[in-house]
Amino acid sequence: MATYGEGEPTDNAVQLMQNLQDESFEFSKGAHDLSGLKYVVFGLGNKTYEHYNVISQYVDTALEKMGAIRMGIRGEGDDDKSMEEDYLEWKDGMWEAFATAMGVEEGQGGDTADFAVRELESHPEEKVYLGELSARALTKTKGIHDAKNPYPAPLTVARELFQDTKDRNCVHVELNIEGSGITYQHGDHVGVWPSNSELEVDRLLLALGLYDKKDKVINIDSLDPALAKVPFPVPTTYATVLRHYIDISALAGRQMLGTFAKFAPNPEAEAAIKELNTNKEVYHEIVANGCLKAGEVLQLAAGNDIQAIPTPENTTAWPIPFDMIVSSIPRLQPRYYSISSSPKLHPNSIHVTCVVLKYQSTPNERVPERSVYGVGSNFLLNLKYAANGEEAPLLGSTGVAGAVVPSYAIEGPRGAYKQENIYKAPIHVRRSTFRLPTNPKSPVIMVGPGTGVAPFRGFVQERVALARRSIEKNGPDALADWGRITLFYGCRKSTEDFLYQDEWPSYISELKGKFVMHTALSREPPYKPDGSKIYVQDLIWEQRDSVADSILNGKGYVYICGDAKNMSKAVEEVLAKVLGEAKGGSAEVEGAAEVKMLKERSRLLLDVWS
C-alpha cells in the first residue's frame with residue numbers, strides 16, 4: 001500500500017479505503033467482517049514526508065480489527081533511501097511466516113514467465129502502437145483526455161527562466177489546451193509524458209542483441225491476466241517499448257540483476273552481475289552511487305566501456321528473453337509539475353515551471369563521475385530547444401556518452417507531436433486540494449523557494465483576476481477589506497535564478513498593497529551576522545509578528561511548496577516557534593499544537609516533493 005501527498009491513498013486504493021472505513025459495507029461473508037482472511041502488507045512511503053506510510057498502517061489496523069490475521073510483520077519501504085533494500089530485508093522473514101501459516105513450501109516457480117512475446121510476420125501497419133499512449137490516439141478518435149488518454153498540447157511559449165545558464169536551466173513552458181476539453185484550477189498538477197533518451201534506447205537494444213530487430217512488430221500476451229496485465233498497448237515494436245513505455249532510465253534494481261545473471265554471455269559477466277545482485281554493499285557502491293541504468297549494468301558486467309557511445313562493436317549482447325525485460329522494468333510514468341498559471345488569466349493554456357535535473361554521480365573504482373540527466377525535465381528542455389529553433393549546447397566531445405544534452409524522439413509516434421514548426425507534449429491534469437481560500441478577506445502566507453514558487457504564481461494570478469473584476473464592479477477601493485497575501489520566495493542570486501523577476505512588480509501594483517513579497521537570496525549579501533546564508537525560514541522569523549497576526553487573529557492560511565526533505569521541515573519548525581511564542585508558550589508545546597490544528601483544519605497545506 002502506497003501513501004502519497006498529505007497521507008492519502010493512491011487513486012486505485014481509494015475504493016478499498018472507503019470499504020474498510022464504511023461500517024455498513026458488507027464483505028463476502030455478508031458482514032463488515034474479515035475473520036478467516038490471512039494477509040501480508042508492505043507499505044510504500046517516504047520518510048521525508050510527515051505522514052510516512054500511514055496508509056499501510058491504517059489498512060493493517062483495519063484488517064486486524066475485522067478479524068483478519070497478518071502473517072509476519074508489516075513491512076515499510078522508504079523511498080528516500082532504498083525501497084528495494086527495505087523490501088528485500090522484509091521479504092525473507094515474511095515468506096517464512098507465510099509458509100508456516102499456509103502450510104506450504106517454496107517451490108522453484110520463480111522463473112515462470114509472466115508474459116509471452118511473439119514476433120509477428122505480418123500486421124497492418126496502422127494498427128501497430130509506435131508510442132501512442134491510448135487506443136484513441138492510435139485511431140485518432142475523439143474522447144475525453146485524462147491519464148488514460150493524454151492530450152498532445154502544442155507548446156506556444158518555451159523560454160529559459162534563469163538569467164545565468166552556465167550550470168543550470170529552468171524552463172518555462174506554456175501548453176495550449178484550447179479545444180481539448182481539459183480544464184484546470186490554480187494549484188492543480190499537470191502530468192507530462194516523456195520518452196526515454198535515444199542514447200539509452202540504443203544502449204539497451206544493443207545490450208539485448210535486438211538492435212537489428214528494433215522495428216520488428218511484436219505482440220505480448222499475459223500468461224495470467226489476474227496477476228499481471230500487459231502494462232502498455234500492443235502490438236508494438238522492441239524499440240517503441242524501450243523508448244515510450246518502460247522506465248529504462250531508472251536505477252537498475254538489485255533483484256532484477258539476479259534474473260539477468262542466468263543469461264550472461266560468459267562466466268566473467270555472470271560472476272560480475274551475480275556479485276552486484278547478492279552483495280548489497282557492492283551494489284550500493286557501484287550501481288546506486290554510479291546511477292547505473294539496466295543497459296549500463298549489462299555493459300559494465302560484460303566488460304564494455306559505458307563511457308563510449310554504444311555500438312554493435314563495443315556492446316556485448318545478452319540473450320535475455322524480452323518478457324523478462326517487460327516483467328523487470330516498470331512502466332514509464334508521467335512526470336508531475338505544479339501548474340504555474342491561473343485559468344482565470346490563462347483559460348486556454350497551462351504553464352509549467354521546471355528546473356532541469358542534471359547532477360554528477362558519485363565516482364567509484366569501476367564507474368568514474370559522470371552527468372546524470374532527469375528524464376522529464378530534459379525532455380522538456382529538448383522541446384524548448386526544438387520549438388525555438390535553438391541548437392542544444394554541446395558539453396564536450398560527442399564520442400563520449402552523456403557528454404551532450406540527451407536527445408529525445410520529441411516528434412512523437414508517426415510525427416504526431418510535430419506540426420510544421422509547432423511541437424506538442426502529451427499531458428493530462430491531476431486535481432489537487434492545494435487551493436486558495438474562497439474568501440479574499442482571509443490572509444494568505446505562501447512559502448515557495450526555487451520552483452516551489454510555481455503554484456504561487458498561479459495563486460497570485462488568481463487573485464489579480466478577482467481584483468480586476470472587483471475593482472471594475474465596486475470601484476478603486478474594492479480591495480480595502482481584503483486579507484494580505486504574502487509570498488516568501490528564495491533563490492541563490494538576483495542576477496542568476498530569480499524566477500519571474502519581471503512579473504512580480506506588476507502583480508504587486510495590481511493588488512494595491514494586498515500582495516507583499518519577501519525574497520531570500522542565499523548567495524548574495526546581506527548574510528546573517530555569523531556569515532551564514534539567509535533562507536525563507538529566516539525571513540518568516542524576521543516577519544514573525546505579522547505572520548502570527550495573520551494566522552492567529554486573521555484566521556489565515558499557510559501554503560508550503562518545494563523540497564520536502566529540508567525546506568518544508570525547517571519552515572514548519574519556524575512556524576511552530578513563531579506561533580508558540582505568540583501564544584506565550586514554546587515551539588514544542590503551544591506551537592506544535594497550533595501547527596497540528598492548522599493542518600487538521602486544512603489551513604496549512606503542503607505541495608512538497610523529495
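Analyst: Two strands count as paired if DSSP finds at least two bridges between them, and the strands themselves are DSSP runs (E, at least two residues; helices are H or I, at least four), numbered from the N terminus. Keep that handy for the sheet we'll start with, which has 3 strands. This is a predicted model, so local features need pLDDT of at least 70, side-chain atom pairs count only at pLDDT 80 or more, and totals for chains, interfaces and linings use all residues. Residues are numbered from 1 along each chain as its sequence is written, and side-chain values use heavy atoms, with hydrogens and water left out.

User: What is the strand order in that open sheet, and is the pairing parallel or antiparallel?

Analyst: The order is β7-β11-β12, and the pairing is antiparallel. The edge strands are β7 (115–119) and β12 (236–237), since each of them pairs on one side only.

User: How do you know that β7 pairs with β11?

Analyst: Count the bridges: 5 of them join β7 to β11 (residues 217–222). The rule asks for at least two, so this is a pair. For one example, Ala 116 has Asp 221 in β11 as its bridge partner.

User: Which strands does β10 pair with?

Analyst: There are 4 bridges to β13 (residues 335–338), running antiparallel, and 4 bridges to β18, again antiparallel. His 189 takes part on both sides: it stands opposite Ser 338 in β13 and opposite Arg 430 in β18.

User: What makes both faces of β10 count as covered?

Analyst: In a regular strand, side chains alternate between the two faces of the sheet. In β10 (residues 189–192), His 189 and Gly 191 lie on one side, Val 190 and Val 192 on the other, and all of these are buried.

User: Why does Arg 203 count as buried?

Analyst: Buried means under 20% relative accessible area, exposed means over 50%, and partly exposed is in between (1.4 Å probe, protein chains only). Arg 203 has 2%, so it counts as buried. You'll find Arg 203 in helix α5 (residues 198–207).

User: What makes the link between Arg 203 and Gln 299 a polar contact?

Analyst: A polar contact is a pair of N or O atoms within 3.5 Å; within protein, one must be able to donate a hydrogen and the other to accept it, and residues adjacent in sequence count only if both atoms are side-chain atoms. The side chains of Arg 203 and Gln 299 make such a contact at 2.7 Å.

User: Are Ala 387 and Arg 414 buried, partly exposed or exposed, and why?

Analyst: Ala 387 has 28% relative accessibility, so it counts as partly exposed. Arg 414, with a relative accessible area of 40%, is partly exposed too. Ala 387 sits in helix α12, while Arg 414 is in the loop between α12 (375–387) and β17 (418–419).

User: What is unusual about phi at Arg 414?

Analyst: Most residues other than glycine have a negative phi, and most peptide bonds are trans. Arg 414 isn't a glycine, yet its phi is positive, about 55°. Lys 555, also not a glycine, has a positive phi of about 55°.

User: How do you know that the bond between Val 234 and Pro 235 is cis?

Analyst: Look at omega, which is about 0° there. Pro 235 lies in the loop between β11 and β12. The bond from Pro 525 to Pro 526 is cis as well, with omega near 5°.

User: What makes an empty space a cavity or a pocket?

Analyst: On a 1 Å grid over the protein atoms alone, a cavity is a set of points where a 1.4 Å probe fits but cannot get out; a pocket is an open set with protein on both sides within 12 Å along at least five of seven lines, and lining residues have an atom within 4 Å of a point. The structure holds 1 cavity of 30 Å³ or more. The largest cavity has a volume of about 90 Å³, and its lining includes Trp 193, His 244 and Phe 379.

User: How do the residues of that cavity lining divide?

Analyst: The largest cavity's lining has 8 nonpolar residues, 3 polar and no charged. Here Ala, Val, Leu, Ile, Met, Phe, Trp, Tyr, Cys and Pro count as nonpolar, Asp, Glu, Lys and Arg as charged, and the others, Gly among them, as polar. The lining of the second largest pocket divides into 9 nonpolar, 8 polar and 6 charged.

Key. Grid points are joined across faces, edges and corners, and a volume is the space filled by probe spheres set on the points.
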